[in-house]
Amino acid sequence: AGAAACAPAPLAALPTSGVPPGARDMLLQMPGPLASLFLELSRQVGRPPRLDFVDMALYNWTLPARPGPGHRSGCEVQGPAQGAVAGQGAGGAADGQAGDDTRVGAHNAHRLRIASRFLAIPEEDDFWRLHVALEAEARTLIAAAVHGQAAMARGDVQDVIAALELFGQGLATLSEAHTRVFAEGGRGDVVLARRLRPFLLSAVTNQQDMHIGCMYYTARSAILPLALAFLGVPREDKHALQRAVDKSLASMPAAHRRFLQRVDRPGADARTFLHAVATRTAVHELALLEAGYNGCIEELLRFCSRRSNLVCRALPHIAEPFREYYHKKLEASIHQARCRLLLQRRIAGPPALGPARIPPSASTLSDSAIQGGAVLGDHGAGHLTVGSPPERLPGSSPISGPAAGQAPWQSQHRMTE
């Protein structure tokens, strides 16, 4: 009876319609009862029945609390699989972020304890810590995208400028996490990739290794699809890496997929908005929009370069073809998204004159605003309309000196085309 229970499930006994081929092969290698349970569970959560990065990064960690006053032994902040609320654990400063010890990020990723591992090597722990930290640090990226699209819907240029700046900062944080959490490269990266390979894909060939490289690159995460959708990067060229990004949505939790669907709507991206307002926006605002957007493009390229480096470290035998035929094609699409708004404006001519709005202060996008989901610019001065100045230059918005309590950088300078 025990041997029968552990025997692989026959294909006819499993309802595998709609299951991807790679996941079907994995099910056939599992004991029959376990395969049936795994298949049913996967259907209930709306994800393919296979091991994935999502399971390891989102549901496979705990954060032991720092010893401190009133510390109780064994108290820790846990991942979602343990059902704990982020906020347990002892207080205390967290590596330069006082009072934020229970909030996971790159600053305390070294303290993460990985619950289930394939190999007892430091490279594996650091690899999963990196992806836990990336998902945690993406909170800034998500807030910027939500606030940015709300600002675009209102036609609020100044809030869009602030959202683009925050989005670029979020991408920079994710790039820096790669060197901060997973800086050292070595033989262990290759050993880990070889150990994971048969669990991610059943066949082991060079072509399958390219698929593994795409999995490493995207990590089945919402981060890269979010950045491409919010910035409006052209995705008509369905090269292999773009197809991998599109397919990664099926492996994400349902809540992540719903969020991406809300963001990735026709005409709701930043690039479309910028081109739409280019001919009717003051020159100085247009310059800030162009600088902010192209800065996001640069940070996205930097983030993609970090992901490509991760693939090449884990799979050095495919490093050259992966960079040439996968990574560089995605890079080319991102490069195409660059905006030249000032040139577009010079061709189209000056806009109609209209009231300007004071840029929101830096506190508009504070950490508390991110957590609370506050709309950009709803902190008072961000929505004040500036009165008409004594004189107005052609093609510019109304100008005033810095108001009381306003930082000097918030003063709008007169600019002409």
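This report looks at one helix pair and a set of salt bridges in a predicted model.

## Helices H14 and H15

Let's start with the helix pair. Helix H14 (residues 283-314) and helix H15 (residues 319-336) have axes that come within 11 Å and cross at roughly 165 degrees. Because angles over 145 degrees count as roughly antiparallel, H14 is roughly antiparallel to H15. The crossing of H14 past H15 is right-handed.

On the H14 side, the contact is made by Ile297, Leu300, Leu301, Cys304, Ser305, Ser308, Val311 and Cys312. H15 contributes Ala319, Phe322, Arg323, His327, Leu330, Glu331, Ile334 and His335. By residue class, this contact holds 10 nonpolar, four polar and two charged residues.

## Salt bridges across the chain

The model has 10 salt bridges, and here are two that link separate elements. Arg313 pairs with Asp189, with the closest N and O atoms 3.1 Å apart. Arg313 sits in helix H14 and Asp189 in helix H8 (residues 187-200), so this bridge links distant parts of the chain, 124 residues apart. Both partners are buried: Arg313 has 19% relative accessibility, and Asp189 has 4%.

Asp264 and Arg235 also meet in a salt bridge, at 3.1 Å from N to O. Asp264 lies in the loop between helices H12 and H13, and Arg235 in the loop between H10 and H11, so the pair ties together parts 29 residues apart in sequence. Asp264 is partly exposed at 38%, and Arg235 is partly exposed at 23%.

## A small network

Arg154, Asp156 and Asp159 are joined into one network by salt bridges that share partners. Within this network, the closest N and O atoms of Arg154 and Asp156 are 3.9 Å apart. Arg154 is partly exposed, with 38% relative accessibility, whereas Asp156 is buried at 1%.

Technical notes
Residues numbered from 1 in each chain as written. Predicted model: local features only at pLDDT ≥ 70, side-chain atom pairs only at ≥ 80, totals over all residues. Heavy atoms only, no water. Axes fitted to C-alpha atoms, helices over the stretch in contact; angles between N-to-C directions. Helix = DSSP H or I, 4+ residues; strand = E, 2+ residues; numbered from the N terminus. Parallel < 35°, antiparallel > 145°, perpendicular 65-115°, else oblique. Left-handed = near helix turned anticlockwise from the far one by under 90°. Contact = heavy atoms within 4.5 Å. Nonpolar A, V, L, I, M, F, W, Y, C, P; charged D, E, K, R; others polar. Salt bridge = Lys/Arg side-chain N within 4 Å of Asp/Glu carboxyl O. Buried < 20%, exposed > 50% of the residue type's maximum accessible area, 1.4 Å probe, protein only.
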